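Please find below a short set of comments on the structure, arranged as numbered points for reading beside the coordinates.

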Amino acid sequence: MLNSYGLTKMEAGSSGCGANLPIHAEEKKLFMIGKIAKVTGSLILGGFVFITYEVLSLNKLLQIDTQALHQEKLKSYVYVRTASLRPSEYQGITYKARKEIHKAVRKILETEAKIFRRPFNEQFSTFDGEDHECALWLLLKRSQSEDKAVRLQAVQDLASNSHWHDYQYGTVAQTCDQRTAIGLARSKDVDLRFFLPPPPLPKIKTDYPIEDELRLLLVSLPQTGLDPCVQYFTSLALRESSQTLAAQRGGLWCFGGNGLPYCETLSKIPSETVELFCLQALVQHSKMSSHCDKIEAKGGLQLLQRIYQLRKDSAKIQRNIIRIIGNMALDERLHSSIVRAGWVSILAEVMKSPHVIQSSHASRALANLDRDTVKEKYPDGVYVLHPQYRSSQPIRADILFIHGLLGAAFKTWRQQDIDRHLDKKASEKEEDYIQCWPKTWLASDCPSLRIISVEYDTHLSDWKAKCPVEAHRKSIAFRSSELLDKLKAAGIGDRPLVWVSHSMGGLLVKKMLVDASKNPEMDKIVNNTRGIVFYSVPHHGSQLAEYSINARYLLFPSVEVKELSKDSPALKELNDDFLSFAKDKKFSVLSFAETLPTHIGSMIKLHVVPVESADLGIGDLIPVDVNHLNICKPKKKDAFLYQRTLKFIQDVLAQEL
């Protein structure tokens, strides 16, 4: 018989077994969670380490090694326009966090551009360096942008930096492209450390004269079918080269020529003078594009470089060399060769010269090289006086200066010379003496004008003729045709225009306008002419011509002078032709007339252009108490001559200025 007590034990045992089951299940559950945690933790930790490694590797690949820069242990700063100059903003966690966010954003944008094959905005493309180093490379990258506005601004920003260290300027010099180097050279007040020095030239034997190299270069150039002037200069240079041996033997040595020979002693180095003859011949050759190719192919750029360095004491030799470079720069195919030969750094240095003639020759050469901002080309004899540098100032109008007999593009328009005998304070005034008032005074008063001065050879006597070829080449008609072609290439006629002329230059202006009015391709030169200034222009002839003809056995008057004869039929025809259409065009005209005689030498005193001859018949005529040479040379900026000329220019160009 089963009793309840035994049953109770069984139940008790049963109830004990039921109590142990939950304890074992909990332990098993915890054990499983622990195993899962170990595996998951390993995976997470491994994944984190892997991702960190990949991020660091990718970050390293996307960075440019800046070790070379940091080794300098120098701090330099490029102040980008959007950057603050407050030091507090370059410190603390906020700045560092913002910098890291900028890096991340750049990478996201770059990745997005690659995935969706979109162009990546280059302003975000930079390396992870210090801000001042980053800006340098950013500007360099922008200077090579396809967007013209971006690269021009980048060049301007580069040129405006004057607080960099040497290695930074060197970095730009070594990495910038040809276009950027030329742009920097044409930037005002640019630091010359932006430019690499000319490449070293191969050594030559000390006893091997430079003029022999020049002679060989001249001989290698084409000698057939040449312009008569080129033939003349080449033969003259070669003849003088062959005479150097005689000069080296001692005694006297002489130059040949088309007039009387003259002699000099050996106190002046013959080789330097012979080099000048050869360079003048090369100037003529450089006016012909096909000859420029030959000069470059025969190593002429390097030879000219050597002579330039050897003759630093001769401004005339250096000026002729830069003139040749300026002519060669008219051919865009030669630009790379000119830059590689190291001429950009030299031209940039000469641009800083205090001498107007030197700096203007360099300015012309660089303008012909700069195809990014200059659409015009400036042929031989056409010089820009303002602006000579790149400028954001838009050009509203052109002023064109044409000199007269025995004049020049620069010296004709200088300030009136100081008379030391009359002026006790002459030495003080010399410090403020102006070499070319259009470049200094007029450019300051009218900065939106492009001021151009033209140069051409003229002579009183055939004894002094530089190129004794057929007479028609010296005539006003020939010079008019020649200059019109040059002025068209320089963009004359594209803007409103004012002519300023002295003496025979005024006759040339009238002839050019008459010829342009008959040529449909030159119409815009006439249509855009707003006014003309005549300084003692012999509209009805000059007494100088009469004097020269009467003394023909002494002076042998040149073609230019003969054309100035009083009551000359050619002058009368020119004046009638000009007046017939000038009145229709309603040109504004201002004429100045001299009232004092001019000293020619120590014996002759002559009233070159009488008041009645300076009277064109239209416009205002103002007599001034000066002689023929000083009629276009104001004594100072507030002198009547300059102020009246300035007012005339401002009045006729009132709409543009």
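1. Disulfides and cysteines. The model is a predicted one, and the structure contains zero disulfides. Two cysteines may be inspected in this connection. Cysteine 436 has a relative accessible area of 0% and is therefore buried. Cysteine 632, with a relative accessible area of 1%, is buried as well.

2. Overall composition. The chain comprises 28 helices and 11 strands. Of its 657 residues, 45% count as buried. The area exposed by the chain is about 35100 Å², and carbon and sulfur atoms supply 56% of that area. Among contacts between residues at least 6 apart in sequence, 73% join residues that are at least 24 apart.

3. Salt bridge between aspartate 372 and arginine 151. Side chains of opposite charge can pair when their charged atoms come close. The structure holds 23 salt bridges. In one of them, the side chains of aspartate 372 and arginine 151 meet with an N to O distance of 2.8 Å. This pair links distant parts of the chain, 221 residues apart: aspartate 372 belongs to the loop between helix H17 (356–369) and strand E3 (382–386), and arginine 151 to helix H5 (residues 148–160). Both aspartate 372 and arginine 151 are buried.

4. Salt bridge between arginine 186 and aspartate 370. The loop between H17 and E3 also carries aspartate 370. The side chain of aspartate 370 forms a salt bridge with that of arginine 186, at 2.8 Å from N to O. Arginine 186 is placed in the loop between helix H7 (178–185) and helix H8 (210–220), and the two partners, 184 residues apart, link distant parts of the chain. Arginine 186 and aspartate 370 are each buried.

5. Salt bridge between arginine 311 and glutamate 275, and a network. The closest N and O atoms of arginine 311 and glutamate 275 are 2.9 Å apart, and the two residues form a salt bridge. Arginine 311 lies in the loop between helix H13 (300–310) and helix H14 (315–328), whereas glutamate 275 lies in helix H11 (residues 270–286), so the pair ties together parts 36 residues apart in sequence. Arginine 311 and glutamate 275 are both buried. Elsewhere, Glu376, Asp398, Arg450 and Arg495 are joined into one network by salt bridges that share partners.

6. Helix H8. Which residues of H8 are buried? They include Ile210, Leu214, Leu217 and Leu218, together with Glu211 and Glu213. These residues lie on the same side of H8, because they cover an arc of only 155° around the axis.

7. Serine 145. This residue is located in the loop between helix H4 (131–142) and H5. Its relative accessible area is 7%, so serine 145 is buried. The side chain of serine 145 reaches the backbone nitrogen of aspartate 147 at 3.0 Å.

8. The cis peptide bond at proline 387. Most residues other than glycine have a negative phi, and most peptide bonds are trans. The bond from histidine 386 to proline 387 is cis, with omega near -5°. Proline 387 occupies the loop between E3 and strand E4 (397–402). Leaving aside residues up to four places away in sequence, proline 387 touches Arg186, Ile395, Leu449 and Arg450. The C-alpha atoms of proline 387 and arginine 450 are separated by 6.2 Å, although these residues are 63 apart along the chain. Two of these contact partners also appear above: Arg186 has a salt bridge with aspartate 370, and Arg450 belongs to the salt-bridge network.

9. Positive phi angles. Two residues that are not glycine merit a check of their backbone. Aspartate 189 has a positive phi of about 60°, and serine 536 has a positive phi of about 45°. Aspartate 189 is found in the loop between H7 and H8, and serine 536 in the loop between strand E7 (529–535) and helix H23 (543–550). Are these residues buried or exposed? Aspartate 189 counts as exposed because its relative accessibility is 61%. Serine 536, by contrast, has a relative accessible area of 0% and is therefore buried.

Technical notes:
Residues are numbered from 1 along each chain as its sequence is written. This is a predicted model: local features need pLDDT of at least 70, side-chain atom pairs count only at pLDDT 80 or more; totals for chains, interfaces and linings use all residues. Side-chain values use heavy atoms; hydrogens and water are left out. A disulfide is a pair of cysteine sulfur atoms within 2.5 Å. Buried means under 20% relative accessible area, exposed over 50%, partly exposed in between (1.4 Å probe, protein chains only). A salt bridge is a side-chain nitrogen of Lys or Arg within 4 Å of a carboxyl oxygen of Asp or Glu. Helices (H or I, at least four residues) and strands (E, at least two) are DSSP runs, numbered from the N terminus. The arc is that of the directions from the helix axis to the C-beta atoms. A polar contact is a pair of N or O atoms within 3.5 Å; within protein, one must be able to donate a hydrogen and the other to accept it, and residues adjacent in sequence count only if both atoms are side-chain atoms. Contact means heavy atoms within 4.5 Å. Accessible areas come from the Shrake-Rupley method with a 1.4 Å probe; for residues, only the protein chains shown count as cover.
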